[in-house]
Amino acid sequence: VGFTVCAAFCGQLFLRRVAGLEPATAFFAAAPGGLNDMVVIGGEMGADERVVAISHSIRLLIVVSILPFLFRCCTGAAAASRAASSAGTMCPGLGLLDAALLLGCALVGPTVGNWMRLPARHLVGPMVVSAVVHLVDATSARPPQALVFAAQAVIGGSVGCRFTGVKPLQILSIAKSAFGCTLLTLGIAVCFGQVFSVLSGTPWTLLLLAYSPGGITEMTLLALCMGYDAAFVATHHVLRISCLIVFIPVLYKLFSKKSKPVEIGDVDCSTSKK
């Protein structure tokens, strides 16, 4: 919650003061929530839905592209070796019963997620069902790494498809502010990861994945590929997005009161009088 509030406040301040966006658009473009949720809620509160959608898509693209290289630079071959060792243990020993249980979790999970009104129900729903199956010790199997890689390829393609129909000049104009805002938010995530790593003893790389302003699906798959605890990462992202959906109207009103918005109509009138 602390990271979410800090990231939203600093991000919207950057987009307003540096990029010159109006308050509603700046706030919902900077809020580290789900793309669809921020577009819908932001549109209802007067934000430019197009700018919000493109900003979040660019943010997601930057985070997914930067994090693997950041981990490579900071941890060397540790993450790669961890992922390789995980890949070697995921495929072998997957029996028919284990495969059937995992497939059942994948098929039943979205229905459970929809019933529980979970964000990203197609990912979080199967995760909840799988957690129950593993907690009762029905199976200890994990999905084959090849499926994880295939899912990553699909996610990567879907991120790129979000830019269909958008003019290159429009993307470039928004990309500059979105890039700066994303780097600022990632910097905040690194700081929070370092602090809570010292306090809790949890690896800061795992905490960075949990705090990173990426999507639930993308960050969970990245955690799986790098051999980290995907449930830990997904839980943090579900809580972050759930808190934002519930409290974002209150946060927006709180932040908008701190500074008076500049109306475009007022500026036009003053310049016309001159």
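How many cavities of 30 Å³ or more does the structure hold? I looked this up before anything else, keeping in mind that the model is predicted. The structure holds two such cavities.

**Entry: the largest cavity**

I took the largest cavity and noted its volume, about 60 Å³. I then listed its lining: Leu15, Ala29, Ala30, Ser55, Arg59, Ala178, Cys181 and Thr182. I asked which elements give two or more residues to this lining. They are helix H2 (23-30), helix H4 (49-75) and helix H9 (168-200). H9 gives the most, with three residues. By kind, the lining residues divide into five nonpolar, two polar and one charged.

**Entry: serine 55**

I picked serine 55 from the lining of the largest cavity. Serine 55 sits in helix H4. Is serine 55 buried or exposed? Its relative accessibility is 6%, and buried means under 20%, so serine 55 counts as buried. I also looked for a residue distant in sequence and noted phenylalanine 179. Serine 55 and phenylalanine 179 are 124 residues apart in sequence, while their C-alpha atoms are 8.6 Å apart in space.

**Entry: the chain as a whole**

I went back to the overall layout. The protein chain has 13 helices and zero strands. Read along the sequence, I wrote the pattern down as α-α-α-α-α-α-α-α-α-α-α-α-α. The chain has 274 residues, and buried residues make up 42% of them.

**Entry: helix H10**

How many residues of helix H10 (residues 204-211) are buried? I found that eight of the eight are buried, so H10 is largely enclosed by the rest of the structure. For the record, the buried residues in H10 are Trp204, Thr205, Leu206, Leu207, Leu208, Leu209, Ala210 and Tyr211.

**Entry: the loop between H1 and H2**

I looked at two residues in the loop between helix H1 (2-17) and H2, glutamate 22 and glycine 20. Glycine 20 is exposed, with a relative accessible area of 58%. Glutamate 22 has 33% relative accessibility and counts as partly exposed.

Each has a noted C-alpha distance. Glycine 20 and serine 177 are 157 residues apart along the chain, and their C-alpha atoms are separated by 9.2 Å. Glutamate 22 and glutamine 12 are 10 residues apart in sequence, with 9.6 Å from C-alpha to C-alpha.

**Entry: a nonpolar patch on the surface**

Which residues form a nonpolar patch on the surface? I found Leu103, Leu107 and Val108, with about 300 Å² of accessible area together.

I checked two of these residues one by one. Leucine 107 is in helix H6 (residues 96-115). With a relative accessible area of 60%, leucine 107 is exposed, because the cut-off for that class is over 50%. Valine 108 is also found in helix H6. Valine 108 has 44% relative accessibility, so I put it down as partly exposed. I noted serine 130 as well: valine 108 and serine 130 are 22 residues apart in sequence and 9.8 Å apart in space, C-alpha to C-alpha.

**Entry: aspartate 137**

I ended with a backbone angle. Most residues other than glycine have a negative phi. Aspartate 137 has a phi near 65 degrees, a positive value in a residue other than glycine. Where is aspartate 137 placed? I found aspartate 137 in the loop between helix H7 (121-135) and helix H8 (145-161). Aspartate 137 has a relative accessible area of 62%, so I entered it as exposed.

Technical notes. Residues are numbered from 1 along each chain as its sequence is written. This is a predicted model: local features need pLDDT of at least 70, side-chain atom pairs count only at pLDDT 80 or more; totals for chains, interfaces and linings use all residues. Side-chain values use heavy atoms; hydrogens and water are left out. On a 1 Å grid over the protein atoms alone, a cavity is a set of points where a 1.4 Å probe fits but cannot get out, and a pocket is an open set with protein on both sides within 12 Å along at least five of seven lines; lining residues have an atom within 4 Å of a point. Grid points are joined across faces, edges and corners, and a volume is the space filled by probe spheres set on the points. Helices (H or I, at least four residues) and strands (E, at least two) are DSSP runs, numbered from the N terminus. Ala, Val, Leu, Ile, Met, Phe, Trp, Tyr, Cys and Pro count as nonpolar, Asp, Glu, Lys and Arg as charged, and the others, Gly among them, as polar. Buried means under 20% relative accessible area, exposed over 50%, partly exposed in between (1.4 Å probe, protein chains only). Patches are made of residues with over 30% relative accessible area and no salt bridge: like charges are joined within 9 Å, nonpolar side chains (Val, Leu, Ile, Met, Phe, Trp, Tyr) within 5 Å. Accessible areas come from the Shrake-Rupley method with a 1.4 Å probe; for residues, only the protein chains shown count as cover. A salt bridge is a side-chain nitrogen of Lys or Arg within 4 Å of a carboxyl oxygen of Asp or Glu.
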